[in-house]
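Please walk me through this structure, one feature at a time. Begin with the aromatic side chains, then move on to the sheet and the cores.

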Amino acid sequence: MKIIAIYLFKAFLKFIYFFLKLIPTNNKKIVFISRQSDEINLDFKMIQEEIQRRNKDIKMVFLCKRMKKGLLNQALYLFTILRQMQALATSKVAIIDSYIVPVCILKHKKSLFVLQIWHSIGKIKKSGYQTLDTSSGRSSKIAKLMCMHKNYDKIIAGGEAFDEFYEKGFNVGKDKLLHYGLPRIDYLLNNEQKLK
């Protein structure tokens, strides 16, 4: 029954997205999407500040919403997904920090660039594809149906030492990784004395 529900859910989203993609892309629009928090996180804020410093013409949209537990909350989250889809259909760049349903399961315009920054400074614990069919992970069947960690153009990695974990966790090649680290590293280094 769950499998059928996923197929129907995906078909519904794909149908809606077909029409949303008819809306022209705003080449000066970036959407930030997170389900880690209901507020804009430090990494997103720092990226926003740097973009504004370099180009004040860029429009930035933030869609930060946690999916709460419970059937009703999950049903209500559909409205969040629809807002994410509209933003993805009209943006030039999407910056995400976690698995985002519409990013992964939908076929996007070729003009959309998706940057996965992830939500941790490094990646040493097993996650994603490394944990499929384990007690702490997802079912490989569900992961495949939900296109887990697909459609990323680039992924920010903490450094070469973490590559193996990013490659295995996201099921990607080294060519997808950028060794920049998260913006919050700059914050930690620049505020070391204050934070102590």
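Trp-118, Tyr-152, Tyr-166 and Phe-170 make up one aromatic cluster. The model here is a predicted one. Searching the whole structure turns up 8 aromatic pairs. Take Tyr-152 and Phe-170. Their ring centres are 5.9 Å apart and their planes stand at 80°, so this pair is edge-to-face. The cut-off for that label is an angle over 60 degrees. The pair links distant parts of the chain. Tyr-152 sits in the loop between H5 and strand E5 (154-156), while Phe-170 belongs to helix H6, 18 residues apart. Both residues are buried.

A second pair involves Phe-18 and Phe-19. Here the ring centres are 5.1 Å apart and the planes meet at 90°, so this pair is edge-to-face as well. Phe-19 has 43% relative accessibility and therefore counts as partly exposed.

Now turn to the sheet. Strands of a sheet pair through backbone hydrogen bonds, either parallel or antiparallel. In this model, 6 strands form an open sheet, and the pairing is parallel. Their order is E2-E1-E3-E4-E5-E6. E2 and strand E6 (177-178) stand at the edges. Each has a single partner strand, so one side of each is left without a neighbour in the sheet.

Look next at strand E1 (residues 26-34). On one side, 5 bridges join E1 to strand E3 (residues 91-96), and the two run parallel. Within this pairing, Ile-33 stands opposite Ile-96 of E3. E1 is also joined to strand E2 (residues 59-64), by 6 bridges, again in parallel. Phe-32 has Phe-62 in E2 as its bridge partner. Ser-34 has Cys-64 in E2 as its bridge partner. How does the chain get from E1 to E2, and what is the hand of the crossover? The chain passes through helix H2 (residues 42-54), and this β-α-β crossover is right-handed. H2 lies across E1, E2 and E3 and runs at about 165° to E1.

The nonpolar interior comes next. The largest nonpolar core holds 39 residues. Which of them touch the most other members? They are Leu-88, Val-103 and Tyr-152. Several elements give two or more residues to this core: helix H1 (2-20), E1, helix H3 (71-90), E3, helix H4 (101-105), helix H5 (140-145) and helix H6 (163-170). H3 supplies the largest share, 6 residues.

Leu-88 shows how the parts meet. Leaving out residues up to four places away in sequence, Leu-88 touches Tyr-17, Val-31, Ile-33, Ala-94, Pro-102, Val-103, His-108 and Leu-112. Apart from the largest core lies another one, of 14 residues. Its members include Phe-62, Cys-64, Ile-95 and Leu-182. Phe-62 and Cys-64 have already appeared as the bridge partners of Phe-32 and Ser-34.

One loop residue remains. Thr-131 lies in the loop between strand E4 (113-116) and H5. Is Thr-131 buried or exposed? Its relative accessible area is 10%, so Thr-131 is buried, since the cut-off for that word is under 20%. Which residues does Thr-131 touch, beyond those up to four places away in sequence? They are Lys-126, Ser-136, Gly-137 and Arg-138. Thr-131 and Gly-169 are 38 residues apart in sequence, with 8.1 Å from C-alpha to C-alpha in space.

Note on methods
Residues numbered from 1 in each chain as written. Predicted model: local features only at pLDDT ≥ 70, side-chain atom pairs only at ≥ 80, totals over all residues. Heavy atoms only, no water. Pairing = 2+ DSSP bridges. Helix = DSSP H or I, 4+ residues; strand = E, 2+ residues; numbered from the N terminus. Right-handed = clockwise from strand over helix to strand, strands pointing away. Core = buried A, V, L, I, M, F, W, Y, C linked by side-chain atoms within 4.5 Å. Buried < 20%, exposed > 50% of the residue type's maximum accessible area, 1.4 Å probe, protein only. Contact = heavy atoms within 4.5 Å. Axes fitted to C-alpha atoms, helices over the stretch in contact; angles between N-to-C directions. Phe/Tyr/Trp six-rings, centres within 6.5 Å; stacked < 30°, edge-to-face > 60°.
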